[in-house]
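Here is a short briefing on one protein model. Keep the sequence and the 3D view open while reading.

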Amino acid sequence: MAERKLLRHVLKEYVDENGYLVTQLPGGFVDEEGAVIREVVIDEMDGKAEEILADPKYRARQQQGITAFIAYLLKRIGSAEATNDAVKHMLSGDRDFLMLKIRIHTLGNVWSTEIKCTSCGDMLPVVVDLDKLKIDAISDNDTRVVTGKLSRGYKDQKGAVHKDYEMRFPTGVDQEQVANVRNLSTMKTLLLNKCLKHLGSMKMVSDYDLRRMKYRERLELEDNLYNNLPGVSWAVDVVCSCGNEWEATLDLGSLFRSDQA
Ligand SMILES: [Zn+2]
């Protein structure tokens, strides 16, 4: 298994003389020369940004909308201009981090939202301190791949068993390509396919193989990938008056709605 430890992201951030937030990416953007760039400069939302978020052309292509939204508000990555293309090639966790930071820089860290109780079904009002969400980081020297070994392996059609694998971290490009898929399991298949660089002696792992692969092995791949990704954890502990206590994943649909409650 890959011996990588995710680090607690240390935020060295400030608001500059233009009112922009200067902060550090938890994953880091790798430029054309292979240098890892951490520093990004973010503006707060204006009317145009709001229009991009609400643009109906992105309704069915949410990740493209997120790319356009981030690219509009990101003033620079290191010393370089933040183009649409650069934002697409950022790690998914860094894109998440930027959405979080844009929200905090625009509306503050307090977010009033609702979570449905998994037991009684009541909608619970929840106040989230966005500054307290856990953010995992990787160091500049960490590779942006996850390696591992499937415990049972994947047996291909010819009966050969494949165990060792290497996966790369998903980027905005991957997210954009799979975002239209409605079926969550199909989306996972496609995302695994994009990120899995090799499995045993198989250089190319097809959708066909990933569908034949047993659920247990798929979970091993997914767990190893998602447990090693830098980025924001949107999980919060919730307690309902019915006695139910659980860890909920926040629904980001209302992240940019200001709450007057
Ligand atoms: Zn309940």
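The points below cover the domains, the two sheets and the helices that pack on them.

The model is predicted. The domain assignment gives domain 1 (7–138 + 231–254) and domain 2 (145–227). One open sheet has five strands, and another has three. Both the five-strand sheet and the three-strand sheet are antiparallel in their pairing.

**Domains and their contact**

- The centres of domain 1 and domain 2, taken over C-alpha atoms, are 26 Å apart.
- Domain 1 puts 13 residues into the contact, and domain 2 puts in nine residues.
- On the side of domain 1 that touches domain 2, helix 2, helix 3 (84–88) and helix 4 are the elements that give two or more residues.
- Helix 2 supplies the largest share of that side, with four residues.
- By class, this side of domain 1 has six polar, four nonpolar and three charged residues.

**Five-strand sheet**

- The strand order is 2-3-4-5-6, and the sheet is open.
- Strand 2 (14–15) and strand 6 (80–81) are the edge strands, and each pairs on one side only.
- Strand 2 pairs with strand 3 (residues 21–30) over two bridges, in the antiparallel sense.
- Tyr14 has Val22 of strand 3 as its bridge partner.
- Strand 4 and strand 5 run antiparallel and are joined by three bridges.
- Opposite Ile42 stands Leu74 in strand 5.
- Strand 5 also pairs with strand 6, antiparallel, over two bridges.
- Here Ile77 stands opposite Ala80 of strand 6.
- The hairpin of strand 5 and strand 6 has two residues between the strands.
- In that hairpin, Gly78 takes a positive phi near 65 degrees.

**Helix 4 on the five-strand sheet**

- Helix 4 (residues 92–107) lies across strand 3, strand 4 (36–42) and strand 5 (74–77).
- Its direction is at about 170 degrees to strand 3.

**Helix 2 against helix 4**

- Two packed helices are described by the angle between their axes and the distance between the axes.
- The axes of helix 2 (residues 62–73) and helix 4 come within 11 Å.
- These axes cross at roughly 60 degrees, so helix 2 and helix 4 are oblique to each other.
- The crossing of helix 2 past helix 4 is left-handed.
- From helix 2, the contact uses Ile66, Ile70 and Leu73.
- From helix 4, Arg95, Leu98, Met99 and Ile102 meet them.
- Sorted by class, this helix contact has six nonpolar residues, one charged residue and no polar ones.
- Helix 2 and helix 4 also each give two or more residues to the side of domain 1 that touches domain 2.

**Three-strand sheet**

- The strand order is 10-11-12, and this sheet is open as well.
- Its edge strands are strand 10 (145–155) and strand 12 (196–199), each of which pairs on one side only.
- The twist averages 20 degrees from one strand to the next.
- Strand 11 (residues 161–168) pairs with strand 12 over three bridges, in the antiparallel sense.
- Tyr165 has Leu199 in strand 12 as its bridge partner.
- Helix 8 (residues 215–227) packs on this sheet and touches strand 10 and strand 11.
- The direction of helix 8 makes about 170 degrees with that of strand 10.

How values were computed:
Residues are numbered from 1 along each chain as its sequence is written. This is a predicted model: local features need pLDDT of at least 70, side-chain atom pairs count only at pLDDT 80 or more; totals for chains, interfaces and linings use all residues. Two strands pair if DSSP finds at least two bridges between them. Two residues are in contact if their C-beta atoms, placed from the backbone, lie within 7 Å. Axes are lines fitted to C-alpha atoms, for helices over the stretch in contact, and angles run from 0 to 180 degrees between N-to-C directions. Angles under 35 degrees count as roughly parallel, over 145 as roughly antiparallel, 65 to 115 as roughly perpendicular and the rest as oblique. A crossing is left-handed if the near helix is turned anticlockwise from the far one by less than a right angle, and right-handed if clockwise. Ala, Val, Leu, Ile, Met, Phe, Trp, Tyr, Cys and Pro count as nonpolar, Asp, Glu, Lys and Arg as charged, and the others, Gly among them, as polar. Domain bounds come from an automatic or database domain assignment.
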